[in-house]
Amino acid sequence: MSSMPVVCVYLNHVGDAYDENGEEVQQVECVMATNIPNEMDQVEDSHICVVMVGLPARGKSLIAQKIVRYLRWLSVNAKSFNVGSYRRADTPHPSAAFFDTSNPEGERLRRAAAEAAVTDMLRWFEHEGGHVGILDATNSTQYRRKWIKERCDAKGYDVLFVESKCDDEDLIMSNILEVKTTSPDYIGQDPEEAARDFRDRIRNYEKVYQTLTEPDLTYVKLINVGSQVVINQVSNYLQTRIIYFTMNLHITPRSIWLSRHGESEYNVLGMIGGDASISPRGLAYADALPGLVRDSIGDKDVTLWTSTMKRTIQTARHLPYRKKQWKALDELDAGVCDGLTYEEIEKKYPEDFRARDDDKYNYRYQGGESYRDVVIRLEPIIMEMERGENIMIVTHQAILRCIYAYFMNIPQDQSPWMEIPLHTVIKLTPRAYGTVEERFKANIPAVSTFRAKYTSANMGGEEGLEDMTDESNMMSPPPTGAEINGIVKPDDVESFVPQKHPDPMVPVLLLGGDTMLVD
């Protein structure tokens, strides 16, 4: 293995704490360090073609999508070029015979699709300022990989091969079952016939497949979902970051549950920041939260993460899962504006108030943070989420905006303006061809903390109360960034679970799920 630049994530155990029930929880802070100066300068000078390698049903497309999503989240211009998408223009629903190497017409069309994808990727590098292009295909022979490298070398672009190699039959079968229901190749087909055809397709590829062994290539080989990793000839900073990220991935099915803390005393007053306790309605949400997620989580082994702030710890106190407190999940630091209302900020710091609306993602509060700063401190959290299994997170609005934007691939300029309502659980389930989102809303009123761009918000107080008994609020969540982009397909799912509660304001607990598939 060649020498590599060092990129380390340190997870510091800063002590044990105890929740309100006397249960021990871990407190953890994240520190990321690198020995490479001027990181973004190196990114600006980089042009890397990431070439996926592997048999079908090995999670290549999932890994490719995750790399793109991660890099975009870090402000790196990245794009995936899926050869299958190019091939579908001429052959939308091919049978396994199309992929037989003894089929000359199939071979010609597959080569044409690869040519078109590589040509578009090189043009994207040259004319659209691309930094990392992912060529998503099997690229299963040394001949094909040599041809791709020669095309990139001619333009002076670096090439990094990423192979997903798996002989775990249970995992392969799980991926086959996933593909037969989500792959565009099998839309409208009988699931069992699709599964049989896909297995035959895999056998055709196995006839010619050659694993990465070329000593002169830069590559990372992920064996059985990262249980073993082989790295060869890595030479620059951005390649190292990509490899480190892929080493933390797994492709086994799992879900993530996200919730803001219950309504806080500061929320009621329209104030931002602080370390306030939750309000009576927030306490009602904390009481209702275990029942709200019970059916969705079932008997899954779940780890619960909160920030170190009182309102998240109080909200999560009745949840029966292993708990961990992360300093990195604390709310965005509002600096000199901490504890003020937006009206007070507009009067006291009018230029700052306008500047933040002009560029909310990059604006940094005086003595505080920007959304970009939050993304940087959340990177170790994302690594842990990618490495982990089923996780539930109870944290704050700005933090959830950044995490949600990562999983749903929301553009940076939109992510700080997304509405993440109080008293709502968002369930995200990553899939091979997208992410499924479900929302579960508690029938517990809460103030709206959303402020639209270039408005003087009148947040807090009863006039800002969201009426969760209003059917329009209950069944139609505000548009997410994904919906704004036009890439969400709603598929409404509703279920009702009555709950008794001593507070007359909270007669029932309603579970309403809005299922969305991101293509």
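**Figure 1. The whole chain, seen through its contacts.** Of the contacts in the protein with a separation of 6 or more, 71% are between residues 24 or more positions apart. The model shown here and in the close-ups is a predicted one. Its secondary structure adds up to 17 helices and 18 strands. As for burial, 59% of the 519 residues in the protein are buried.

**Figure 2. Helix 2 meets helix 8.** Here we look at helix 2 (residues 60–73) and helix 8 (residues 237–247), whose axes come within 11 Å and cross at roughly 125 degrees. That angle makes helix 2 oblique to helix 8, and the crossing of the pair is right-handed. On the helix 2 side, the contact involves Ile63, Lys66, Ile67, Tyr70 and Leu71, and on the helix 8 side Leu238, Arg241, Ile242, Phe245 and Thr246. Sort these by class and you get seven nonpolar, one polar and two charged residues.

**Figure 3. Helix 14 against helix 15.** The axes of helix 14 (residues 371–387) and helix 15 come within 10 Å and cross at roughly 60 degrees. So helix 14 is oblique to helix 15, and the crossing is again a matter of handedness: right-handed. Helix 14 brings Tyr371, Val374, Val375, Arg377, Leu378, Ile382, Met385 and Glu386 to the contact, while helix 15 brings Ala398, Ile399, Arg401, Cys402, Ile403, Tyr406 and Phe407. The class tally for this contact is 12 nonpolar, no polar and three charged residues.

**Figure 4. Inside the largest nonpolar core.** This core has 84 residues, and those with the most contacts inside it are Val50, Leu71, Val132, Leu329, Leu378, Met385 and Ile403. Helix 15 (residues 397–408) gives the most to it, with 10 residues. Another core, of 30 residues, lies apart from it and includes Val51, Leu55, Ala113 and Met121. As a general backdrop, nonpolar side chains in soluble globular proteins tend to be buried together.

**Figure 5. Valine 50 and its neighbours.** Leaving out residues up to four places away in sequence, valine 50 touches Ile67, Val132, Gly133, Ile134, Leu135, Leu160, Val162 and Ile242. Two of those names should ring a bell from the second figure: Ile67 sits in helix 2 and Ile242 in helix 8, and both take part in the contact there.

**Figure 6. Strands 7 and 8, and the loop between them.** Glycine 226 lies in the loop that links strand 7 (219–223) to strand 8 (228–232). This glycine is partly exposed, at a relative accessible area of 26%. Its C-alpha atom is 9.5 Å from that of cysteine 166, with the two positions 60 residues apart along the chain. Isoleucine 231 belongs to strand 8 and is buried, with a relative accessible area of 8%. The C-alpha atoms of isoleucine 231 and valine 220 are separated by 4.4 Å, though the residues are 11 apart along the chain.

**Figure 7. Two loop residues with positive phi.** Most residues other than glycine have a negative phi, but here are a couple that don't. Alanine 57, with phi near 65 degrees, is in the loop between strand 3 (48–53) and helix 2. Alanine 57 is buried, its relative accessible area being 9%. Tyrosine 454 has a positive phi too, of about 60 degrees, and is found in the loop between strand 15 (446–447) and strand 16 (465–466). With 43% relative accessibility, tyrosine 454 counts as partly exposed.

Technical notes:
Residues are numbered from 1 along each chain as its sequence is written. This is a predicted model: local features need pLDDT of at least 70, side-chain atom pairs count only at pLDDT 80 or more; totals for chains, interfaces and linings use all residues. Side-chain values use heavy atoms; hydrogens and water are left out. Axes are lines fitted to C-alpha atoms, for helices over the stretch in contact, and angles run from 0 to 180 degrees between N-to-C directions. Helices (H or I, at least four residues) and strands (E, at least two) are DSSP runs, numbered from the N terminus. Angles under 35 degrees count as roughly parallel, over 145 as roughly antiparallel, 65 to 115 as roughly perpendicular and the rest as oblique. A crossing is left-handed if the near helix is turned anticlockwise from the far one by less than a right angle, and right-handed if clockwise. Contact means heavy atoms within 4.5 Å. Ala, Val, Leu, Ile, Met, Phe, Trp, Tyr, Cys and Pro count as nonpolar, Asp, Glu, Lys and Arg as charged, and the others, Gly among them, as polar. A nonpolar core is a set of buried Ala, Val, Leu, Ile, Met, Phe, Trp, Tyr and Cys residues joined through side-chain atoms within 4.5 Å. Buried means under 20% relative accessible area, exposed over 50%, partly exposed in between (1.4 Å probe, protein chains only).
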